[in-house]
Every structure is written in C-alpha cells, then in structure tokens.
Amino acid sequence: MTDPSNHRRINLLLDSDPQPTLLLEVGATVSDWNQATQALLSSHDGPFPEDLLPTNAVALVKAALEQGRAIENVESRFGSRIYLWGFIPLPGQHQVLARGRDATDDIQNQERAVRSNRLYRLITENTTDLISRHAPDGHFIDATPASWRLLGYWPEELRGKALEDVFQGDNLAEALAHTRHRLREDGYATLTAELRHRDGSRRWFEIASRAIRETYTGAVVEVISVSRDITARVESEEQNRLLADELAHTARLATLGELASSIAHEMNQPLASIVNFASASQRFLKEADKHPGRLAKVEDGLQKIVHHANRASEVIKRLRAFLRKGQKRMAPVSLNAVISDVVRLCHWEAEKNGVRLQEHLAAPSPVIAADPVLLEQVLINLIRNGIDANLEAHAGSMSHIVVTTCVNDQQETLIQVTDEGTGLNEEGIRQMFQPFYTSKPKGLGLGLSMSRSIIEGFGGFLDAIPASTGGLSLICRFPTSQNRLSPNRTQDTQPGETP
C-alpha cells in the first residue's frame, strides 16, 4: 500500500476528524485519506480495500460531480462494522470528499427495534387473548384487536372507557376493587369472573394484570392486563361435574339394590313391632270393660307404636337423602354418627356373609366439612369391598371388619376400614384406584376410583396400605383444615346437621 503522507492535503482532509475521510478522483480512485482512515486500515495488508466504500461508489462519485450536490447516508459493511458515507463534491475540482460515520450500533439497534416491532405487531394482531393497557383507575389506554371477538368492541372504541362500562357482571365491582388493591400492594393480581359480551352473551374470563410503577415514587402509573376467554373450559368442567353427579347417583342406586336385604331387614323390625303392639292394644281395649287396668297397657303400646313408626320414618328419610340428586352440599359432619348409620345399613349383609362389623370410634367424635350423603356412599363402598375380600379369604367362617376414627399426631382426621382379606401388593394397590380396574367378575371398576374422587373433593385423600390382619386398610385422610369445629361441641351432632 502506498504511503500518501507526502501528499496529504491538510486543508481538504481534516486530520482532527475522528471519522474516516477520503479524497476521491473520478472513477472513485482514492488519492488521499486522513489519520482516522489510516488507523482504520492499520491492520489491513495489501491494496486499498474496496469494500470500505459502498459497492456503487463509482456511480455515487459521478452523480455528486455531475449534479453538484452532496449524497448522504450510503451504507457499506467493512468487516463487522457498518459505515454511512456522505459524498461531497469539491467546488471547482473534479474531486469528491467521502466522509464515513461508524453507525454500527445505531443500525443494529434500529434493526432490533424493527424486528421487535414486527414481532410485537405479529403477536398483538394475531393473539387470541386480549392484551390491554389501563390507567391506574382502570380506564382503557389501548387494546389488541382480540377485543372485538372477546368483548364486541374494537380497540379504538375501548380507549378512554372505564372497566365498569365494558366488563359487566354480577359482583364485578367488588372484584375489581379487590384487584386494584392487590395491584397496589403486590404489583400483580388475577381475576376469574363471568362477564357479559356486548351482544348480551355470558362468558367466563381469566384476567392476569401487572402494575407498571413510577421509578422513584413507586406509584402505579399503568396496568397491563391479559384476558383469556375460558368459557369452554368452565362449561366443560360443569358438564364433567354433572356427569360425575349422575354417575355417583347411579352408583347409589346400584348400592341400594345390592343392599336390599339389609334395608328390608331394617324396615321389617320396626314394622313387625308396630303390628305386634297394635294387635296387643286391640286385645287390651276389648278387655277394658272388665279390666280397666288394661287401658294403661294400651297407652304403653301406643307409645311404643309411635317410637317404632318414627324409627321406620328415620330409615326412609336416610334412604331418601342417600338417593337424592343435586349439587354437593358441604356441611360439618360428625364422623361417628355417619359411621354408625353406615354400619347399621351394612349390618344385615355382613351378618349374612359371616362378617362381623366392629366400630372403634374416637371420643369425642371428629368433625369434618363434607357432604354427608357422598361420605356415606364412600364408606358403604369401602365396607362392602371389605366384605368381598373377607369372603374370598374366609368363606364359611367368621371374619371381622374394623372401622376406626382417630386424629393422628399431624392433627389429620382419619377414617380407616380394615378387612381380613388376602391383601394386595404395591402394584395391586396402585391399580385398584384406577377407573374400570376390577377383580370382580360383575364389577365395573368405578367404586374405588369414584370414592377417591369424592374424598379429594372434600380436601382429603383415599389410599390403602397392607394391614396386620393380612388384608388391607383403606384410609380416608383429611388435613387439619378440615377440622372445622371443636369436637366437644359436636359429639352428638347427626350427619349433615349443623350443631
């Protein structure tokens, strides 16, 4: 490379200029350059690098000379750097001053901004969720086009509108006030609410919001929200709940059919007593003229008839409650009372199959929040599974099933049903709770799976462990939070009743 230092034209090329500057002849031939250019080329060997100037430098020099005007911001890429060049014709000469500016950072930032803006537009214009900006008081600042599909408003219609004017729904004002409080305190809040579309249809939305704060004061200056339509999910969950209720009701019908002999036995006892006492009372009435003392026995007989009639009525009332359909009704439940009712209901079937039911109940009775009817359904299912297991292992001989309630060291409330069957290994225990898995020839395999779902719906868990009897212990475990009331206050509470 020729050293141009001997003929550098100081007046034309300002060596104090930190940017590279070249003197170009016609045809873009380089005749001189300044110190900034020299420093730039110091690591370059060989002839002057043509890629330092724009690829169309010849045409640019010609245009600048012929038109007598400067041509600016022409890009070239030299190595990893990007330069913007200006071509300035020198008055009265056939030479052009080419001045470059290192614009690498500016252009790369601009390219990143363009890509980011393109990505932002791609997301905001095509996302199915509504992304919106709000003032601290909730007024819309801006929104994405999804607002039309989700709310029935175009973004330009929403600007300046209050949330309360757009998000209409029951108890929504209170929910929005709570959300604003959470945004001020925590900077983040979520809200699930049923809202009304502009066309009047009802929809469920899940809204996540984040507060943007002022740097120095920490005050909320803006809120960014993402709103998702979860109507399909909510409706699906509702359909699943209705299906589960229907399935549970069908299972209760099947259970009562299988327990028909027990129910008949429990009803026959008070009815037979009523007939006996009524017959005796009639006989005593016929003898009352000759023996007035017989009237006292008639009165006693009538009292016993009332007692046994009430007992039969209670049986019918329990059966009607057990068969009812409808939403789950959570209430404080005395476990001992529920278990006693269930044991009484299963007693006849157990005795018929040579199984003795035993109760080991905690005193005072533990109390949990549950639906008493569904809890009865679970316990009947567990006891009847135990009866089947005992029959398999002790056909023709007496066996036992023990139902226990207690509160353990972790303050968990436990209901435990222990049989004397053949038991299961770890894999068998895992499979027994899977839907449609059964070892019974006529079984559906839904009892234990449904029972676990019901207990989980109460906030508990149903599991099984090997028992010291050789069989299994099925354990309903309820956490501390389920112990809603003091047991001392609810020892005599009937299932489903609030003390």
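**Exercise 1. Decide whether alanine 57 is buried or exposed in this predicted model.**

Step 1. Take the value. The relative accessible area of alanine 57 is 7%.
Step 2. Recall the cut-off. Buried means under 20% relative accessible area.
Step 3. Conclude. Alanine 57 is buried, because its relative accessible area is 7%.
Step 4. Place the residue. Alanine 57 belongs to helix H2, which covers residues 57-67.
Step 5. Look across the chain. Glycine 27 is 30 residues away from alanine 57 in sequence, and their C-alpha atoms are 8.2 Å apart in space.

**Exercise 2. Find what surrounds asparagine 390.**

Step 1. Locate the residue. Asparagine 390 sits in helix H12, residues 372-394.
Step 2. Check its accessibility. The relative accessible area is 0%, so asparagine 390 is buried.
Step 3. List what it touches. Leaving out residues up to four places away in sequence, asparagine 390 touches Val355, Ala395, Ser399, His400, Ile401, Asp419, Glu420 and Gly421.
Step 4. Pick out a polar partner. The side chain of asparagine 390 comes to 3.4 Å from the backbone nitrogen of glycine 421.

**Exercise 3. Test the length of helix H7 against the expected span.**

Step 1. Count the residues. Helix H7 runs over residues 172-186, which makes 15 residues.
Step 2. Work out the expectation. At 1.5 Å a residue, H7 should span 21 Å.
Step 3. Compare. The end C-alpha atoms of H7 are 20 Å apart, which agrees.
Step 4. Repeat for helix H3. H3 has 23 residues and reaches 33 Å from its first C-alpha to its last, close to the 33 Å expected.

**Exercise 4. Work out which residues of H7 are buried, and where they lie around the axis.**

Step 1. Name the buried residues of H7. They are Leu172, Leu176, Thr179 and Leu183.
Step 2. Check their directions. These buried residues cover an arc of only 60 degrees around the axis, so they lie on the same side of H7.
Step 3. Recall the helix rule. An α-helix has 3.6 residues a turn, so residues three or four places apart point the same way.
Step 4. Turn to the other side of H7. There, Ala173, Glu174 and Glu185 are exposed.
Step 5. Find the packing partners. The buried residues of H7 pack against helix H6 (163-166) and the strands E8 (188-196), E9 (202-213) and E10 (220-229).
Step 6. See what follows the helix. After H7 comes glycine 187, with a positive phi near 85 degrees.

**Exercise 5. Name the buried residues of H3 and what covers them.**

Step 1. Find the residues. Thr104, Ile107 and Thr124 are buried in H3.
Step 2. Find the cover. The cover of the buried residues of H3 includes strand E3 (71-78), strand E4 (81-89) and strand E5 (96-102).

**Exercise 6. Trace three salt bridges and judge how accessible each partner is.**

Step 1. Recall the principle. Side chains of opposite charge can pair when their charged atoms come close.
Step 2. Get the total. The structure holds 17 salt bridges.
Step 3. Take arginine 228 and aspartate 129. Their closest N and O atoms are 2.7 Å apart in a salt bridge. This pair links distant parts of the chain, 99 residues apart: arginine 228 is in strand E10, and aspartate 129 is in the loop between helix H3 (104-126) and strand E6 (130-134). Arginine 228 counts as partly exposed at 44% relative accessibility. Aspartate 129 is buried at 11%.
Step 4. Take arginine 180 and glutamate 164. Their side chains form a salt bridge, at 3.1 Å from N to O. Arginine 180 is in helix H7 and glutamate 164 in helix H6, so the pair ties together parts 16 residues apart in sequence. Arginine 180 is partly exposed at 21% relative accessibility. Glutamate 164 is partly exposed too, at 36%.
Step 5. Take arginine 203 and aspartate 229. The closest N and O atoms of this salt bridge are 3.8 Å apart. Arginine 203 in strand E9 and aspartate 229 in strand E10 are 26 residues apart, and the pair links distant parts of the chain. Arginine 203 counts as buried at 18% relative accessibility. Aspartate 229 counts as partly exposed at 26%.
Step 6. Look for a network. Salt bridges with shared partners join Glu75, Arg77 and Glu111 into one network.

**Exercise 7. Describe the protein as a whole.**

Step 1. Count the elements. The protein has 14 helices and 17 strands.
Step 2. Give the buried share. Of the 499 residues, 41% are buried.
Step 3. Give the surface. The accessible surface is about 27,900 Å², and 52% of it belongs to carbon and sulfur atoms.

Conventions:
Residues numbered from 1 in each chain as written. Predicted model: local features only at pLDDT ≥ 70, side-chain atom pairs only at ≥ 80, totals over all residues. Heavy atoms only, no water. Helix = DSSP H or I, 4+ residues; strand = E, 2+ residues; numbered from the N terminus. Expected span 1.5 Å × (residues − 1). Buried < 20%, exposed > 50% of the residue type's maximum accessible area, 1.4 Å probe, protein only. Arc of directions from axis to C-beta. Contact = heavy atoms within 4.5 Å. Areas by Shrake-Rupley, 256 points an atom, 1.4 Å probe, with all protein chains shown as cover. Salt bridge = Lys/Arg side-chain N within 4 Å of Asp/Glu carboxyl O. Polar contact = N/O pair within 3.5 Å; in protein donor to acceptor, adjacent residues only side chain to side chain.
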